[in-house]
4 protein chains.
Amino acid sequence: MTDVRPSGRGAHTLPRTQQAAVLHAPGDVRLEERPVPEPGPREALVRVAAVGVCGSDVHYYEHGRIADFVVEAPLVLGHESSGVVVAVGSEVTRVRPGDRVAMEPGVPCGQCAQCRAGRYNLCPDVRFFATPPIDGTFAEYVVLHEAFTHPVPDTLSDEAAALIEPLSVAVWANRKARVEPGMSVLVSGAGPIGLLCLQVARARGAARVVATDVSEHRLAVARRLGAETVNVREREPSSVIADADVLLECSGSAEAIATGIRCVAPAGAVVLVGMGEPTPPLPVGAIQQNELWVTGTFRYAHAYPAAIALAASGTIELDGLVTARYGLADAEAALLASRRDPTALKVIVRPDGRTME
Amino acid sequence: MTDVRPSGRGAHTLPRTQQAAVLHAPGDVRLEERPVPEPGPREALVRVAAVGVCGSDVHYYEHGRIADFVVEAPLVLGHESSGVVVAVGSEVTRVRPGDRVAMEPGVPCGQCAQCRAGRYNLCPDVRFFATPPIDGTFAEYVVLHEAFTHPVPDTLSDEAAALIEPLSVAVWANRKARVEPGMSVLVSGAGPIGLLCLQVARARGAARVVATDVSEHRLAVARRLGAETVNVREREPSSVIADADVLLECSGSAEAIATGIRCVAPAGAVVLVGMGEPTPPLPVGAIQQNELWVTGTFRYAHAYPAAIALAASGTIELDGLVTARYGLADAEAALLASRRDPTALKVIVRPDGRTME
Amino acid sequence: MTDVRPSGRGAHTLPRTQQAAVLHAPGDVRLEERPVPEPGPREALVRVAAVGVCGSDVHYYEHGRIADFVVEAPLVLGHESSGVVVAVGSEVTRVRPGDRVAMEPGVPCGQCAQCRAGRYNLCPDVRFFATPPIDGTFAEYVVLHEAFTHPVPDTLSDEAAALIEPLSVAVWANRKARVEPGMSVLVSGAGPIGLLCLQVARARGAARVVATDVSEHRLAVARRLGAETVNVREREPSSVIADADVLLECSGSAEAIATGIRCVAPAGAVVLVGMGEPTPPLPVGAIQQNELWVTGTFRYAHAYPAAIALAASGTIELDGLVTARYGLADAEAALLASRRDPTALKVIVRPDGRTME
Amino acid sequence: MTDVRPSGRGAHTLPRTQQAAVLHAPGDVRLEERPVPEPGPREALVRVAAVGVCGSDVHYYEHGRIADFVVEAPLVLGHESSGVVVAVGSEVTRVRPGDRVAMEPGVPCGQCAQCRAGRYNLCPDVRFFATPPIDGTFAEYVVLHEAFTHPVPDTLSDEAAALIEPLSVAVWANRKARVEPGMSVLVSGAGPIGLLCLQVARARGAARVVATDVSEHRLAVARRLGAETVNVREREPSSVIADADVLLECSGSAEAIATGIRCVAPAGAVVLVGMGEPTPPLPVGAIQQNELWVTGTFRYAHAYPAAIALAASGTIELDGLVTARYGLADAEAALLASRRDPTALKVIVRPDGRTME
């Protein structure tokens, strides 16, 4: 552990150590003192402002793993983050101290076949915040390669800037589906990702967006954001939308996948965004007879700039999705709240302590 | 000339004859009495409400031809039209008397290679209103195949419903260009088509739209509709937008094409919408070095439903583009006004006489 | 039942009645006398030369239905067919008596949304040979719309011309997958469709084609046609091809689908051609993590001309797939042989009686 | 200038200096002694076997520049090259000493927007052999990043391996055009690039390929390679092919571009490969009326593996295009021959001295 101050332009006034919320084992998060990291030549040091709690954070907290990703050493969670650049490495040109930024959490290798093909989200050597063994952003300071440090306009709040990350998931899903003006879009699952997907579909000009869920609370939010809604406990989605051009599946539920696919019109697109069972039964007969295109999304690529532009234009509501805020010392409470409160949408951790916004 | 009443469901109260504005020679438009046509089995008879004057109408009026299309017999002009269905043929199921409709002006053969491939706008045997020898809609009544008779919601005015036609041109151009959220779009030429193209680009989520023209009046409208503007008499477009993802060229000017192409980023798209010189010089070197994709549009296909949905959602301003209205008896004045008034955007002919709206 | 001779140009020498093999119930095929049909204005009357037996014919013969298609009245089977035009309707221009033709078996309505979009294979009102209630081509004479009657060069045998139908399935599957030079393609299932798919993949320049099956006999044919092979009883396909760009699944086996998908490289394409269980378990996790594109094929559209060109160029071996021939009177034996002989690939029925070719 | 031996695995037996043919001014090429370069950590040192003379080499030799690329310091020409790896840097894993390789001549930065998007051929910071100020391969030894050093099978000769470079141009042009089985392709210009483009079109299954030129000698080669031909001094191409699906324009002639575009069917693709006038007149009217897609190519990306696979499969004839060979000392004679001999197709420089192959 170093005791020197972080260096780089702008670093002279920074502390040597910081606080971070560290996952040691399932159900065991501790606030610890850690050194403030040094930015490399092309990295920025960012003072973290706001971090959204994602389902994957909660899953690591509860189970210590997601599929093949296992927490084997203490891990800082958090990857939906914004902050302010406080120092930069010697070769950085894209940002400078004082810039408010949204942080794209995955830095790919840039050399592999996937990176060369432009699909950097599929890079097998990506270093992604809060995916073992890479620490995340439940911390006061983090470093990030400048190319993934995206300045945001002042019209975006710190929390909206943090939520550019899940918005990028929605931008990517809509891009895969090629949602167009005039289309009908079915969004199954009205959690945060579903609520963002439906907003992006509308921002691309979709004529009709139908959201489904089992929670009346979430469906009410979906209606406020411009969708028609179906509570699948009460009605079949196909009774409302039998010929969707696109299904954006955000629940991960095997039943929602099967039900949703049967609502899609011939030659329509199905994008599986939500994660659930690894091998659910799929209506292959319907996929064949209607020549549907089915794909899944893994994070996103080249999506942050579009997400920031959409959010800055006022087309997308982000701040309205925030339902609770916690300080860094209460990160564990934030993880628990995200799961236990049925009306929770986006729970925010504020390493900068501004929990009263 | 038949003297029987038009038949079909709903036809019992219709007159046998109607008025139409007929082009006999360049500069010679006459109001004439003509029979009200009979709808065929799959046709609707529509009482025409509003017709937008298009540049092609003016060109036929002035020159008697456009390229290989020559006016050799008296021709009714007008093809941007809306109205009310007043009678339908025996097999019609899509509309019924009383429906307010936007009329898609081209009915393709449905049998040729282009039709079978889904590109009905390229059908060599299309019958298109006001393209010789097919009469247009400067008339009280017209018949149209039901498949091209699109019902509109009551939130759309008659004039907005007529302008679904040029809006479809803009929908098609944007679809060809695959305008996406986050993109920068340059629209050269801020006449009616350019003003619609920029609105559709915004409705698809474009982050930045820059419109160019030589008319301050038109640029002011473009600014009101959300675009940045460049008066090309004063500045180079490249000084404002040097890396457009898309150029939608709506002026037809050879200079605008060449200037615009040089503003497009590598791998960008160029859609040539405006018609001008048939073989202008093109910066092929730039197209090669930047691997641009260049295409042109010929009318549109499958665009009316999306255009109606966009207009109905309130995303697109149509009524605000109307700058003058004339009755059918003044169709010639409308054609002249469209050309002579430098502040004219959309001039409307109202065969239903409602010129005071 | 008419007793007049068929009319149309060329019809003067034709008989009034013909023989047809008619399915009355599962396991009950009868040779019957039926009238020779009249060609409509845009139809050709074709004397059938050769008909390939398809798995769907066998399925109707055994079960009397396929999914929702139920044989409720006597049905003539057979839809992979060639023949000679012997008479044409009054408006026919594309073929004339004496032309040797491959017969595309499905005639779409030309009016619906799918037809207008260019996807005529998804037309809900298509009339398809040997799909209830439309009779097929196990008959001496059939009529067919001229647009689906494709002339073939003399270098193609009658049987090769019949097999343009399954070759079109393979052309369509490869087109969906966008197989390109340099790609690696996995073909699971080396029956007739798989053997054609692998040949088309090679004709598109695929660098490597690997075929899998459980039958050594079929795998030997696949090797002769240029594929590497894997007997899935002995080895995992992934031990031979772990990063296929494309999977063309031709077996319909749920296990083959799941195994095959795991062999596909990130961003690869999966085309489900073979029909099997309607809702097998699918490795959605792999589809998501690798952002695979999965689709299915339903017949084909716009594929016959390409299939004929490929076959005529000598790139594709068709005649070599024929393993047995039967006369029309032995159609039932042909259906049985296709199922019972483990070395059978393509069994042919020859309504023209030329079973010694 | 260093006097130490090159290091890296395999370097112990290498000389310290080598010969290179250096362009000092238009018309002034000198054989000079230069140090054998050191491979960097991820570079291979390659002993050059064969180098094809490209039109761009000749253009630099004659004019000292191409567009904005100006030869301001002595420059080694040559970029179509093959050789044998003789030493590798410490981190190289893809090749090892003894490997025969085709050398992809452009190494992109890997960091810019174009590289991240997968379009590395558009990287503004690419370092490309024989493009000022980067030296090329008219030399005994060169270093190259391992990722662009592609092993070739022994079935490919050294000269064929060198010609993988122009073959990659053809692979890329055909990929842009999406040439498919059954398509008709017009190739204008039957020089080396045109002859390779037509072969790749056939390898993708094109049903019909028509090549045009003014040289009977070149057209005879085109016919041998499977194309129909048109001598444009004698006939209009449109008299032979009026509805091409694709135009691959390889001549750079303004007249050929205009003539060729008029032969393309509606919705067809035009790929401008040949370089000529920077702003020739283009038939924009035809592009619009037929909604053609026009693009240009700049080198290629991700094309070497496909080109090597096609060549290795025997589908493409490369050796047969070689019309003359020169030693390194005669590089200037090779440049002159390439221009002056009307029957020259590919002239090869052999730095390894094997001019008798």
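This passage describes the relation between chains B and C and selected salt bridges in a predicted model. Local features require pLDDT of at least 70 and side-chain atom pairs pLDDT 80 or more, whereas totals for chains, interfaces and linings use all residues. Residues are numbered from 1 along each chain as its sequence is written, and side-chain values use heavy atoms, without hydrogens and water.

A turn of 180° with a shift of 0.0 Å along the axis lays chain B on chain C with an RMSD of 0.0 Å (least-squares superposition on the C-alpha atoms of residues with pLDDT of at least 70 in both copies). This is the relation of a two-fold axis. The residue of chain B that comes closest to the rotation axis is B:Gly118, at 1.9 Å (C-alpha). Contact (heavy atoms within 4.5 Å) involves 11 residues from chain B and 11 residues from chain C. Between chain B and chain C, zero salt bridges are found, a salt bridge being a side-chain nitrogen of Lys or Arg within 4 Å of a carboxyl oxygen of Asp or Glu.

Over all chains, the whole structure contains 68 salt bridges. One of them joins the side chains of B:Glu62 and B:Arg339 (2.6 Å, N to O). B:Glu62 belongs to helix H1 (residues 55-63) and B:Arg339 to helix H10 (residues 331-340) of chain B, so the pair ties together parts 277 residues apart in sequence; helices are DSSP runs (H or I, at least four residues), numbered from the N terminus. In chain C, the side chains of C:Arg350 and C:Asp352 form a salt bridge (2.7 Å, N to O).

Notes: Chains lettered and ligands numbered in written order. Helix = DSSP H or I, 4+ residues; strand = E, 2+ residues; numbered from the N terminus.
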